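Me: Let's go through this structure by question and answer. Keep the replies brisk.

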Amino acid sequence: VTFGEGITYIPDYLFSNTGIAQVNIANTVKEIGEGSFKECNNLKAIAFSENLETIGINAFYNCGSLNALVFNEGLTEIQGNAFRNCNSLTKISLPKSLQILGADAFAKCFNLKDVQINSDLENVGNGVFDGIASNASVTFGEGITYIPDYLFSNTSIAQVNMANTVKKIGNGSFKECNNLKAIAFSENLETIGDSAFYNCSKLNSLVFNKSLIEIRSYAFYGCSSLASVDLPDTIIMMGRSIFENCTSLKSITIPNRISKIPSSCFYHCSSLTSVVLNDGLEVIESFAFSDCNRLTDCSLPSTITTISKYAFYNCERLENVTFPNGLKTIEDSAFSSCKKLASVILPDTLTTLGPAAFCNCSSATQVSIPGTLTNIPASAFSGCAALSTVTVQEGVLKIENDTFNGCIVLQTI
């Protein structure tokens, strides 16, 4: 089939479900219509017009023999399902001019294993690369500054190459890419979006750059093979649950400019044995280190003022915590079920203690409560079965119900 000079548009479904094997397109063609070559199973290659701007919906849907695509610079839009089920495609390079990539545009291209993206895409539909090859490699070329939201989510890509011009990874960009094992970030990356690498269960290595400013919520949630992370001191903002359920993570050092560890940040990091908290840290939010079952020591910096609800809940092997002067608030169940915690010496600056704060700390033998704490709340030390000595400083006015319930060897207050 030949489209001659002067033709600007190839009509919808013109050759769909035909046996054509070759297409010649004049450089005047600007648009290929909806379904124009849908299910042309003998079509193996096509050279696009140098002035082509739009490839329509389903234009080459289910062209099972199509194995070569050379996109022109000037192409701005590839619409939904345009190349879906083109199972002979192995490689594509998207032009710098491309702005719009429709839903499922390359979905179910099972042998597509080399994808090069060369433009900042302005509009990306869902499932663009759903079902491409399980060992696929993706390259983001020079000039790209942003990786769009959910671009490769739920795909089986194994490798990502990122140009140093990339400054932001969008929300969910690589969410649940379960074959992705490592990634080298752009030297100029500043932001990693919400859930960017959520549940990438084989991701085992992260090398962050020195320009990173922000890691947003759930960014590395459930990356269960991730063993070590070196966070640069350039980071000033961390979202909630960013390393939650990273069950292989063994150590972490909090960057110097972080003043707050967000909620559930390291929740159920069950292999975590070492935590270095920075000077300047003021708040540890709820569930931040809850269920970190191998954590044995935690040295709180002198700048800490607040430990929130369940912050260290069920850290079963936590033995030693030094509570510094300056600490004002320990909230509900903050250290509940820390069964190896040997003693609780609270500082003279503490003014608020939440209910069940040290409930079921069954190895604690000694507790010292400052006079700045006027009220000892309900169940604060209940279930501390080894507790034998409690020192209460002058100034405490009220001890609530069940504060020491189950302290079966308590002899002295």
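**Burial, sheets and surface**

Reply: In this predicted model, S173 has 0% relative accessibility and so counts as buried.

Me: Where does S173 lie?
Reply: The residue sits outside the strands that flank it. Those strands are β16 (168–169) and β17 (182–184). S173 lies in the loop between β16 and β17.

Me: Which residues does S173 touch, leaving out those up to four places away in sequence?
Reply: S173 is buried, at 0% relative accessibility. Its contacts, with residues up to four places away left out, are I147, P148, D149, Y150, L151, F152, S153 and A196.

Me: What is the strand order in the open sheet of six strands?
Reply: The pairing in this sheet is parallel. Its edge strands are β2 (9–10) and β12 (123–124), and each pairs on one side only. The order is β2-β4-β6-β8-β10-β12.

Me: Which residue in β8 is the bridge partner of I55?
Reply: Strand β6 covers residues 54–55 and β8 covers residues 77–78. Two bridges join them, and they run parallel. The partner of I55 is I78.

Me: Which residue in β15 stands opposite S137?
Reply: Strand β13 (residues 137–140) runs parallel to β11 (residues 114–117), with four bridges between them. One of the pairs there is V115 with V138. Four bridges also join β13 to β15 (residues 159–162), again parallel. Opposite S137 stands Q159.

Me: Which strands are the edges of the open sheet of five strands?
Reply: The order is β23-β25-β27-β29-β31, with parallel pairing. Each edge strand pairs on one side only. The edges are β23 (260–261) and β31 (352–353).

Me: Which residue in β29 stands opposite T306?
Reply: Strand β27 (residues 306–307) and strand β29 (residues 329–330) run parallel. Two bridges join them. The residue opposite T306 is T329.

Me: Is I213 buried, partly exposed or exposed?
Reply: I213 is found in the loop between β19 (205–207) and β20 (214–215). Its relative accessibility is 34%. Buried means under 20% and exposed means over 50%. I213 therefore counts as partly exposed.

Me: How much accessible area does the nonpolar patch with I213 have?
Reply: The patch is on the surface. Its members are I213, I236 and M237. Together they have about 260 Å².

Terms used: Residues numbered from 1 in each chain as written. Predicted model: local features only at pLDDT ≥ 70, side-chain atom pairs only at ≥ 80, totals over all residues. Heavy atoms only, no water. Pairing = 2+ DSSP bridges. Patch = residues over 30% accessible without salt bridge, like charges linked within 9 Å, V, L, I, M, F, W, Y side chains within 5 Å. Areas by Shrake-Rupley, 256 points an atom, 1.4 Å probe, with all protein chains shown as cover. Salt bridge = Lys/Arg side-chain N within 4 Å of Asp/Glu carboxyl O. Buried < 20%, exposed > 50% of the residue type's maximum accessible area, 1.4 Å probe, protein only. Contact = heavy atoms within 4.5 Å.
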